[in-house]
Each structure stands twice: as C-alpha cells, then as structure tokens.
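Biologist: I am new to this model. Please take a close look at one cysteine link, then show me what else is there.

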Amino acid sequence: LGKAWGTPCEMCPAVNTSEYKILCPGGEGFRPNPITVILEDIDECQELPGLCQGGKCINTFGSFQCRCPTGYYLNEDTRVCDDVNECETPGICGPGTCYNTVGNYTCICPPDYMQVNGGNNCMDMRRSLCYRNYYADNQTCDGELLFNMTKKMCCCSYNIGRAWNKPCEQCPIPSTDEFATLCGSQRPGFVIDIYTGLPVDIDECREIPGVCENGVCINMVGSFRCECPVGFFYNDKLLVCEDIDECQNGPVCQRNAECINTAGSYRCDCKPGYRFTSTGQCNDRNECQEIPNICSHGQCIDTVGSFYCLCHTGFKTNDDQTMCLDINECERDACGNGTCRNTIGSFNCRCNHGFILSHNNDCIDVDECASGNGNLCRNGQCINTVGSFQCQCNEGYEVAPDGRTCVDINECLLEPRKCAPGTCQNLDGSYRCICPPGYSLQNEKCEDIDECVEEPEICALGTCSNTEGSFKCLCPEGFSLSSSGRRCQDLRMSYCYAKFEGGKCSSPKSRNHSKQECCCALKGEGWGDPCELCPTEPDEAFRQICPYGSGIIVGPDDSAVDMDECKEPDVCKHGQCINTDGSYRCECPFGYILAGNECVDTDECSVGNPCGNGTCKNVIGGFECTCEEGFEPGPMMTCEDINECAQNPLLCAFRCVNTYGSYECKCPVGYVLREDRRMCKDEDECEEGKHDCTEKQMECKNLIGTYMCICGPGYQRRPDGEGCVDENECQTKPGICENGRCLNTRGSYTCECNDGFTASPNQDECLDVILSLLLLSPAFPSCFFSPRTIGKGTASQRCYKTCVRSAPATGTPSPNRNAAVTEGEAGVPL
C-alpha cells in the first residue's frame, strides 16, 4: 500500500528482500497473530478509514478493492475516487455542449433540440421535409411527403423516409451504427424511450400526422399498415389512400350523360340541354320554357339539346347564339362636339365644355355670357366665343388663370418701393400707403413729421431735436434718457429735507435720494445742496417732476413705479411699515400707538386696572403685573386665579376643589378632614349621631367610611332590613336546653329543667343537681368545667372521673355511681 513511512520519511523495503521479510513475515496483506503466531488477513478497510475516499472499500483475502460510484474512477496513486470528466469523450452530447459536473455531466442543447436521458444527450426536435427516396449517385431526393416531421420520426419509423431536411440528408441505413445512434435500435420502427432507456415501438399512426389519409392507419409492433375504403387505393409512395377515378375506366354513364368523379365514388350528370327523367334517362329540355328571359333583349328558339336567340334592335348574339349582347354605337363616333357613352340597347352623348345637348341629340354651343347669371367676368365684360368665352377686365384688374373672372392687380408687388419708407397695402382694384411712426401721408407719399414742433413737451426735462422719421431728446448734465426716449430722468442724489421753516430746510432724511423720490414719494419739502423747494400740486413744475402724482415715481421705461417708502429707516420707527400703492401705512405693536409716522409707547397702567388682582408697572412697549398670592399673570397679563389643584394633583388626599385665590380639599362621604385640612379620616357616625338606627330600633355600629344598623342579642334583622324582630332561640339553636325544655322570651329564652337537673343562674342551661353541689364544694376545686362541654355519660359521672383523678384519696369505690361521693371512693383508680 505504502512506499515510505515516518517523519522524516523512511523508504519501505522492497518486496521479497530480507528487510521486507523481517518487517512483513506474512507477506503482502497478512501479518502473524501476536498470540497464536498464525498468519491472518489484514482488514485494510477497517484499519485505514481514509482508504477509498469517495467510494466503498471491500476487503478481500490478502488485499482489498475500491469500488467507485458511477461517474467516478479510482486514482491508483492516491486510492481516491476522482470524478470522471465525461466531456473528454468526443461527441458525447452530439450537437450540444458538454459541461462536466461532480459524478455526472450535463448537455446544453442548441435551439430546436431537447435534453434527454436526464440531460445526458440532445434529441433533435427540428421538423422538416421527409422524402421517400434518396439517390446516392447525385445525392438528390424525391417522393416528398405532405407533412413535416423530426429526423428521428422520418428515418426510424418503418417504411417512412429515406432522406430528411432541405437540402436533403440521407437517413442512416438500418442495422448500422449510425442508425443505432439516431434511433437507439438497429431495427426500424423502434426508438429508445428517453425516460426508461428501453426500445419502444413507434406508433406511426399517432406520431406522423397525415399518414394513411382518407383511410385507417393500424399500428403494429415495429411497423404499421393502411386500410383504404372502397373507392380508394393505397399510394405507397405518398403513404395515403388516393381516390380511384372511375370515370377513366371507359363509358360508365348512359346516353347524353357525363361521368363526374367524387371522393371514393362517381356520379352521372346530364349534359347541358338535357335533364333526368323519372326513368333515369337524359332527355332534351326546352330551355325557352324552363328558363324565363333566357334570351334577354331577344326571342328564344328551342332546338334538340340546345336553343338560340333572335335579338332586338341595338343587340346582337354571341358566338353560340345563346344570349343577346349590347351593340356599342359609340364605335362609329355617334356624337360630334362631345363624348359618346354606350347604354344598354342604345347610347347617349356627353357634350364638351361650352356645348349642350340639343333635342336632336347634337352638341351645340352654349352662350356662357347669357347663362352665367352675371358670375362670369366679374369686374369686367364677358364676350361669347364658339365653345367658350373671353373676359375684358376693368382698370386695376386682370384676367384670372382660369379665364372666368377678373382679379385684382397687386400694385405693391409690381412696384416694391411705391410707398417708401412706408408700407404699401393692396386694395381691390387699387392700393394705399401706410406710413410708419414719424411720417404722415401727403400726396400719396410718406413725409417726415417734426415731433418737436407738433409736441412741444415731448422731451420732459430735456431739449427736443428732430430726426428723419423720429426725434431725439438731449438731457442736461446729471440726467439720463429713459428707455422710451421721451424723458430725461434726474439721477442726482442729495439731501431730502422733511421741513422748510423760516426760509431754511431742516430735518434731513438719513439717506440721500433723487429729487423725484424726495418730492413725489417721501413728501419732502426741500431737496439738494443748496436746498431747492419741492413743487406742490397742482403746479406745472410738480407735474413735470411727478407726472403720476404723489407716491409714484417714473421708472426707466417711463412707467409708473410705486416707491417702497418702507425701505426708509425713519419711517414707522418701533412699528411695522406696510407699503401700499402710492403710499404706506404703519402698524404699531401691542403697547404702542401711532404718533405721526412713528410708534410711541402707551402707558397701559394709566388706563383702568389691567392687572386685576395685582399691581401694574409700565415698561417700554407693555406693562408688568405683580400678582397677589393665589394669582399669576395670564395670557393677557391680567392676574388670574391659580388652579392649585391642576398644578399639584397630590395636593389633597381625595379631591381638590379650586377656589378664587385658593383651594379646598374635599373628602368622600363617611370621611372628614384631619387637622392639616388635606388628609381624610373616618367619621364616627354612631358617636356623632349621624345615623337612623334609633328610628329603626336598632343599634349603630361604626364602619370604615360608613356605619351599619345591627340587632342586639336575642334579636335578628327583619327580611326588609329595616328593623329587628325577636329571635326564637328554641328553633334557631337546637339542643340549647339539654336535659330540659326551652321557653322563648322577648330578646332571650329560659330553660325548664327535668328532674335531677336545675337551671343555671342565667336560666340558659340545665345542670345536674349532684354536679352543682360538687361545683359548689371547696373539696373539689378542680371541678370547674361546664357539663355541656363534656362527652358521653351523665354530668355527675364525667365530673366524678375528672375530679378523682385530680384529688388523691384512699378507700373503696361505691357501686352506685350516681350517688354522692362517699369517703372511700375518692382513692380508687379509674
């Protein structure tokens, strides 16, 4: 098994050497028993667990064998079962691709192929033509079957195909290896089952559609046969039952009849012009009587086996004279200035344009000018011609392309610069010039307008200079021309004064502004350095600076732009400025009032009593309240009551009730407040007389949180619970007066005792007379128990036994146990 051993390894001695015989005296596979010294077989499978890894180790006499599972082989060097790479076998998957797996392999099949044998092979599922004959000399085929099938079904079935596919491929010959490879069997009519691997018969009748068509296909083991019905014969080339044409087997029908073949039979039909009689003969028929109007547009003449037609005027017969055909009169040019249209038995004329059909069926000229209702040659004069007309147009018009009307001449297209520098607009029969801005129409021409003369104020705050078709505004220094070109805007920035008093400007704004911002929007009274007075409405100077009125300034395109006064830091001081169109407004916060254009603080403490239950102190923008005890500032700063119960749920033991400026603790019914006015304690209704037991003649018993009415001894509660009734102890307590009779009394009972017994001091039990004497005797201090608590026997006997045990004495016992104790009885042990 091994060639070397140990670490470092030592070579194993060669077989049959002296060293080998010393090491292995029994030879390969054997060793001597250490006790009997008899050679015994070495079980390599048991002593070497890793032997035959991946397979099964089988011990043999003097050796062992490794048996590997299917898909594995034994590696002689490692004694391990290694995987067999089946894909190294050429063509194992046929047209497919082989992929090796552990202990097996899988075939990846191309399109139209199917995996079989658990994925270990590819079956051709392509369907194509199947041929009955194959000629090897020129590799051609014929006898093409009418239905497609797979190559295996074509070549492996019994007596079906000799070649397959297009171009045709020869089928393998039976009993050859190629045939067995394709079909799995060397005999035709069988294939290998893809699941069991066993040859199975091919059911040609089921697998091959169309075989034995028109007949019955009968499958047989390894073959099949066709049974054709009467009237059919079997075509062994096409594998179908074909119809027999009985009409080709000589005359089979009677006189004046024709044979017509049918599927599986035939029939006899009479020739045209004849019909069947009741005797089965074909006799002549009178078509002229049997077929009404058979000679349409003519007269029918019957003959033997046929007929002929005599046609009316405008019609002629066909070649066999069995119908009347229309004569085409248009072939002789029956119309003059028109087009001939043939009709059934006649014709009509469609006249050319400009002509009309007369009563003589001629085409004569139409006077379009007279019949046009004035729609021809509009804007002109109509002149009639033979077959047509002409238009003579008025001035400014010309003949239209269709020649029927006069259309306007577009003078603007004929002379492109007719109205320069204006635009020419064509009119019906004329034109007009439309001049651009800066020009006016004079003598059919556009002349320049001097805007500086016609509109002296066209350049606001600037000087106007006329140009060709327009004008230009020249602005002084510090001014800029607006985008409209009609206004010089003052861009100078300087002081804006809010007041002008005593001939001086005062109260300048914190920022510099333009003159129109100051005078138009900010309502300043002076501007600039030196100060210039702002014009006031309705002065002309104010209109020039402020054309849109107060609060509005002129934009770069001369449009009205509202100025946002709220951007000024001096506006609405201590408040919120809200810009409006042409103005603004101030909204002061709480605690401020508007004075002029700023918000000033309000002294809220001077108006009423805003704090309520507290002291008011004014602060900037508001006020502060110092509240009294039990109050706190609310949302409106007014001192409001504190809800101590909500702030501290554990303030009271049971229930907290808020009061104005304070709170109170409440206890449930049956409880009262302790001295701390927060905790609760039980209320003794019985002691304080807060009960109704007296009215019910019951006794009051206090409970935790309440009380209850109870009945005294000898009484019990009425069924309605509203009073007490006497308890009949003689009935409710059986055996209560033992050795006597019970007599009920109101609230109690008494006992009437039997002879030998006497009533107890409370009259509630019967006592033994002797025992009563013993109990009263000073000699028996131990006899103190109640006779009712002792077991069986009379009271005197029981007491006697007890007493003599506890009082030692001498003497003899008396035989009369019921008599009084004598002097000798006390010492006798019981």
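Modeller: Start with the bond between Cys205 and Cys217. The torsion about its S-S bond is about -75°, so this disulfide is left-handed. A disulfide here is a pair of cysteine sulfur atoms within 2.5 Å. Cys205 and Cys217 fit, with S to S at 1.9 Å. Cys205 sits in helix 5 (residues 204-207) and Cys217 in strand 21 (residues 216-220), so the bond ties together parts twelve residues apart in sequence. Helices are DSSP runs of H or I with at least four residues, strands are runs of E with at least two, and both are numbered from the N terminus. Cys205 counts as partly exposed because its relative accessibility is 24%. Cys217 is also partly exposed, at 21%. The cut-offs for relative accessible area are under 20% for buried, over 50% for exposed, and partly exposed in between (1.4 Å probe, protein chains only).

A word on the ground rules. This is a predicted model, so local features need pLDDT of at least 70 and side-chain atom pairs count only at pLDDT 80 or more, while totals for chains, interfaces and linings use all residues. Residues are numbered from 1 along each chain as its sequence is written, and side-chain values use heavy atoms, with hydrogens and water left out.

The bond has company: the structure holds 49 disulfides. Take Cys295 and Cys309, whose sulfur atoms are 1.8 Å apart. The torsion about this S-S bond is -70°, and the link is left-handed. Cys295 lies in the loop between helix 6 (287-290) and strand 29 (298-303), and Cys309 in strand 30 (residues 306-311), so this pair ties together parts 14 residues apart in sequence. Cys295 is buried, at 3%. Cys309 is buried too, with a relative accessible area of 3%.

Next come Cys572 and Cys586, a disulfide with sulfur atoms 1.7 Å apart. This link is left-handed as well, at -85°. Cys572 is in the loop between strand 54 (560-562) and strand 55 (576-580), while Cys586 is in strand 56 (residues 583-587), 14 residues away. Both Cys572 and Cys586 are buried.

Cys12, by contrast, is in no disulfide. The nearest cysteine sulfur belongs to Cys24, 8.0 Å away. Cys24 finds its closest cysteine sulfur in Cys12, and 8.0 Å is too far for a bond. Cys12 is partly exposed at 30%, and so is Cys24 at 23%.

Now the nonpolar cores. A nonpolar core is a set of buried Ala, Val, Leu, Ile, Met, Phe, Trp, Tyr and Cys residues joined through side-chain atoms within 4.5 Å. The largest one has 21 residues, and Leu145, Met149, Ile160, Ile208 and Val211 touch the most other members. Helix 3 (151-156), helix 4 and strand 22 (223-227) each supply at least two residues. Helix 3 gives the most, with four. Contact means heavy atoms within 4.5 Å. Leaving aside neighbours within four places in sequence, the contacts of Ile160 include Leu145, Met149, Cys154, Glu204, Ile208 and Phe224.

Helix 4 spans residues 177-183 and includes Asp177. Asp177 is exposed because its relative accessibility is 57%. From Asp177 to Ile545 the C-alpha distance is 118 Å, with their places 368 residues apart in sequence.

UniProt, in an unreviewed entry, lists "domain: TB" for residues 1-24, 128-183 and 494-546. Its positions are given in the numbering used here, feature names are shortened, and annotations may be inferred rather than shown by experiment. Residues 128-183 are 23% helix and 32% strand, with end C-alpha atoms 17 Å apart. Residues 494-546 are 25% helix and 28% strand, with end C-alpha atoms 18 Å apart.

Last, the rings. The whole structure has three aromatic pairs. Rings of Phe, Tyr and Trp (its six-membered ring) pair if their centres lie within 6.5 Å; planes under 30 degrees apart are stacked, over 60 edge-to-face, and the rest tilted. Phe30 and Phe61 are edge-to-face, at 4.9 Å centre to centre and 70° between the planes. Phe30 lies in strand 3 (residues 30-32) and Phe61 in the loop between strand 5 (56-60) and strand 6 (63-67), so the pair ties together parts 31 residues apart in sequence. Phe61 is exposed, at 72%. Phe631 and Tyr660 have ring centres 5.1 Å apart and planes at 75°, so they too are edge-to-face. Phe631 is buried at 11%, whereas Tyr660 is exposed at 63%.
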